[in-house]
Amino acid sequence: MRPSVAAGSGADGVADGCARPAGEGVGSRALRRGVHPRQALPDLELPDAEGVVRRVSDFIRPGHYTLVEIWASWCMPCRGEIPFVRRAYDRYHRKGFDVLYVSIDSDAGNWKQALGEEKMPWPQLLDTGRTSFTTYETSAVPTSILVDGEGRICRLNARGGWLDGVLEEIYGK
């Protein structure tokens with residue numbers, strides 16, 4: 001059963017213009033530690049699968065919402081989340097939904113093997129130094145950050161059915 005959603009007013013930790021699943025608290029680990037909705041997503045420079053250093057902000061496009069997912073190849077909940085993200089991507093990408101995955105793998109070989117196995121169609125960056133943990137003030141994977149087209153955080157840890165509900169509210173069915 002998919003949760004219901006309600007538009008965020010901003011007073012409850014959700015940026016204006018973003019949806020919030022009804023009844024869901026805002027006590028995510030990242031939120032408690034200091035990364036908040038409405039705040040600009042801090043930028044990082046990390047290599048992609050070809051070794052080209054890219055900025056996270058390179059993947060934030062005006063008029064689009066982007067899910068920035070911090071994950072690892074060895075994290076089974078992260079791998080289990082990929083089918084949900086793939087379905088959301090397939091359904092909403094043409095409407096303006098983008099995805100960027102940031103891996104905290106310390107071994108690039110394991111990361112690249114997982115990329116081959118999962119065949120994710122969205123961009124991937126590698127963070128072997130785990131600077132994303134410090135920058136985004138989190139300590140666990142998976143961590144999901146939904147960002148609007150202006151680069152503002154509008155939702156933390158929207159995954160599975162919650163992500164579907166948020167995207168339905170933004171884009172319609």
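**Entry 1: a charged network**

I began with the charged side chains, and I found that Asp 43, Glu 45 and Arg 55 are linked in a network of salt bridges. The model I am reading is a predicted one, and I keep that in mind for every entry that follows. Counting through the structure, I arrived at 9 salt bridges.

**Entry 2: the chain as a whole**

I then stepped back to the overall layout, where the protein chain holds 5 helices and 9 strands. Reading from the N terminus, I noted the order of elements as β-β-α-β-β-β-α-β-α-β-α-β-β-α. Of the 173 residues in the protein chain, buried residues make up 50%. I also looked up how far apart in sequence the touching residues lie: among contacts with a separation of 6 or more, 69% are between residues 24 or more positions apart.

**Entry 3: the nonpolar core**

Which residues have the most contacts inside the largest nonpolar core? I found that this core has 47 residues, and that Leu 41, Trp 71, Phe 97, Val 99, Tyr 101 and Ile 145 are the ones with the most contacts inside it. I went on to list the elements that give two or more residues to this core, and they include the strands E5 (65–71), E6 (97–103), E7 (124–126), E8 (143–147) and E9 (153–156), together with the helices H2 (76–92), H3 (108–118) and H5 (160–171). Helix H2 gives the most, with 6 residues.

I took Leu 41 as a case to follow by eye, leaving aside residues up to four places away in sequence, and saw that Leu 41 touches Val 56, Val 68, Tyr 136, Ile 145, Val 147, Gly 151 and Ile 153. One of these partners, Ile 145, is itself listed among the core residues with the most contacts.

**Entry 4: a salt bridge between two helices**

I returned to the charged pairs and looked up Glu 168, whose side chain meets that of Arg 91 in a salt bridge with 3.4 Å from N to O. Because Glu 168 lies in helix H5 and Arg 91 in helix H2, this pair ties together parts that are 77 residues apart in sequence. Is Glu 168 buried or exposed? I read a relative accessible area of 13% for Glu 168, under the 20% limit, so I wrote it down as buried. Arg 91, on the other hand, has 38% relative accessibility and counts as partly exposed.

**Entry 5: Arg 152 and its two partners**

Arg 152 forms a salt bridge with Asp 148, and I noted 2.5 Å between the closest N and O atoms. The side chain of Arg 152 also meets that of Glu 150 in a salt bridge, here with 3.6 Å from N to O. I compared the surroundings of these residues: Arg 152 counts as partly exposed at 26% relative accessibility, Asp 148 counts as buried at 5%, and Glu 150 counts as exposed at 66%.

**Entry 6: how H2 and H3 pack**

At what angle do H2 and H3 pack? I found an angle of about 45 degrees, with the axes 12 Å apart, and that makes H2 oblique to H3. I recorded the crossing of H2 past H3 as right-handed. Looking at the residues where the two helices meet, I saw Arg 79, Ile 82 and Arg 86 on the H2 side and Ala 114, Glu 117 and Glu 118 on the H3 side.

**Entry 7: backbone points worth a second look**

Most residues other than glycine have a negative phi, and most peptide bonds are trans, so I searched for exceptions. The peptide bond from Val 141 to Pro 142 is cis, with omega near -5 degrees, and I placed Pro 142 in the loop between helix H4 (131–135) and E8.

I also found Arg 38, which is not a glycine but has a positive phi near 85 degrees. Arg 38 sits in the loop between helix H1 (29–33) and strand E3 (45–47), and its relative accessible area of 39% makes it partly exposed. Lys 119 likewise has a positive phi, of about 50 degrees, although it is not a glycine. I located Lys 119 in the loop between H3 and E7, where it is exposed, with a relative accessible area of 62%.

How values were computed
Residues are numbered from 1 along each chain as its sequence is written. This is a predicted model: local features need pLDDT of at least 70, side-chain atom pairs count only at pLDDT 80 or more; totals for chains, interfaces and linings use all residues. Side-chain values use heavy atoms; hydrogens and water are left out. A nonpolar core is a set of buried Ala, Val, Leu, Ile, Met, Phe, Trp, Tyr and Cys residues joined through side-chain atoms within 4.5 Å. Buried means under 20% relative accessible area, exposed over 50%, partly exposed in between (1.4 Å probe, protein chains only). Helices (H or I, at least four residues) and strands (E, at least two) are DSSP runs, numbered from the N terminus. Contact means heavy atoms within 4.5 Å. A salt bridge is a side-chain nitrogen of Lys or Arg within 4 Å of a carboxyl oxygen of Asp or Glu. Axes are lines fitted to C-alpha atoms, for helices over the stretch in contact, and angles run from 0 to 180 degrees between N-to-C directions. Angles under 35 degrees count as roughly parallel, over 145 as roughly antiparallel, 65 to 115 as roughly perpendicular and the rest as oblique. A crossing is left-handed if the near helix is turned anticlockwise from the far one by less than a right angle, and right-handed if clockwise.
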